[in-house]
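Q: Got a minute to walk through this one with me? Let's pull it up.

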Amino acid sequence: MSKTIKGFSKLSKLEKIDWILSTYFTDSKSAKALIKQYWNTDQKLQQLHDEFIENTITNYYLPLGVAPNFLINDQVYAIPMAIEESSVVAAASKAAKFWFDRGGFKAKVISTQKIGQVHFIYHGNPETLKTFFKTIKPKLIDDAKPITKNMEQRGGGITSVELRDKTDDIKGYYQLHATFETLDAMGANFINSCLEQFAKTLENEAQQFELFSAEEKDIETIMSILSNYVPNCLVRAEVSCAVEQLNENQNISAQEFAEKFVQAVNIAEIEPYRAVTHNKGIMNGIDAVVLATGNDFRAVEAGIHAYASRKGSYSSLTHAKIEDGIFTFWMEIPLALGTVGGLTKLHPLVKLSLELLGEPSAKELMQIVAVAGLAQNFAALRSLTTTGIQEGHMKMHLMNILNQFEASSEEKTKLIAHFKTNTVTHNAVVEAIENLRR
């Protein structure tokens with residue numbers, strides 16, 4: 001049977017499923033039962049989920065957990081986290097508890113500038129183009145007024161537009177580089193609409209500009225699109241305390257722990273192989289909250305990793321120091337987030353998550369998300385420099401292994417008790433299950 005199909009998007013949901021099952025599955029009956037098992041029994045709610053994307057056949061679940069006791073700027077939060085990885089929520093909760101009695105987390109938004117660009121080709125005199133841009137700049141803003149009116153009434157809008165010459169990189173390549181303030185909206189649709197209007201104005205006005213030759217009038221727009229690299233949409237999160245307050249492990253002194261911790265961060269600052277894993281741990285915390293609050297974690301990931309490479313090599317996002325007996329651990333990251341628009345008013349669990357956080361503004365959410373990332377990194381580095389990462393992680397992973405072997409409730413109880421005093425590895429768990437079942 002052919003695995004290609006025409007008009008797939010025009011089929012009904014059930015027709016799509018039937019074609020997929022008959023084309024790709026040997027046991028279509030079991031596959032169909034599994035697909036339907038994840039449908040919501042509330043038809044209206046299921047339809048809402050069906051319409052989020054195209055060609056929906058079922059729902060894909062991720063656990064939504066909560067990490068309590070986060071003290072951020074003297075306010076207590078329980079942070080929602082949507083993630084499938086074992087130990088992430090536990091680690092965040094543990095870090096929150098650790099810092100709660102040490103003054104909590106401090107966070108602040110440094111800037112909220114977002115960027116979009118019109119990429120175009122122009123073959124002609126660069127000075128004439130500069131003159132043209134100065135002439136039409138006010139009209140670029142005016143022509144976008146129908147789009148920016150509501151945003152401006154709330155205090156946002158276009159904050160700047162400049163012409164950038166990129167001809168050293170690509171022949172004839174220029175940009176309109178624009179910055180925006182989108183307040184509590186992530187602003188992607190708003191920014192893209194403004195940029196597409198800029199492109200229309202640019203091309204139309206070029207045809208009327210008397211100083212252009214016939215060739216120069218034919219400005220070609222390649223694309224108009226926002227950038228997910230937002231190095232001027234920055235938030236800072238940090239924790240600090242006296243070094244002696246760090247002492248929670250009898251096997252290592254507070255001073256030794258602090259020094260090892262700082263060295264671990266220093267290594268991630270200069271070693272890309274370590275930095276990638278180091279930053280991945282930070283993103284465990286960040287992505288989980290971004291996803292729970294209906295924001296675009298792919299955009300956040302792309303922007304943050306670009307920021308980690310901004311100095312020419314990939315480096316740690318976090319930093320640590322000991323100065324005058326004070327341990328300080330901090331991070332500055334770019335985050336373009338929204339609390340209005342998109343899924344924030346559509347997805348029931350996104351609405352629940354935002355209510356759990358006290359209906360934060362976009363700036364407040366930036367701070368919460370950054371703190372979640374910092375907490376995750378602190379927890380990971382504390383484990384790495386003391387007990388090792390596997391001790392805690394594998395104990396949290398134990399339940400996944402038990403479920404793989406379909407352990408009964410009684411077996412789980414006995415095996416969890418057994419591994420409280422024994423090292424968890426996959427082989428050790430398999431052996432314990434086999435011994436128990438004998």
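Q: What's the strand order in the open sheet of four strands?
A: The order is β5-β6-β4-β7, and the pairing is antiparallel. Strands and helices here are DSSP runs (E, at least two residues; H or I, at least four), numbered from the N terminus, and two strands pair if DSSP finds at least two bridges between them. Bear in mind this is a predicted model: local features need pLDDT of at least 70, side-chain atom pairs count only at pLDDT 80 or more, and totals for chains, interfaces and linings use all residues. Residues are numbered from 1 along each chain as its sequence is written, and side-chain values use heavy atoms, with hydrogens and water left out.

Q: Which strands stand at the edges?
A: β5 (157-165) and β7 (220-227); each has a single partner strand, so one side of each lacks a neighbour in the sheet.

Q: How many bridges join β4 to β7?
A: Seven, with β4 covering residues 114-121. Within that pairing, Gln-117 has Ile-225 of β7 as its bridge partner.

Q: Switching topic: how many disulfides?
A: Zero, taking a disulfide as two cysteine sulfur atoms within 2.5 Å. For Cys-194, the nearest cysteine sulfur belongs to Cys-233, 16 Å away.

Q: Is Cys-194 buried or exposed?
A: Buried, at 0% relative accessible area. Buried means under 20%, exposed over 50% and partly exposed in between, using a 1.4 Å probe and protein chains only. Cys-241 counts as buried too, at 5%.

Q: And how many residues of α12 are buried?
A: 18 of the 23, so α12 is largely enclosed by the rest of the structure.
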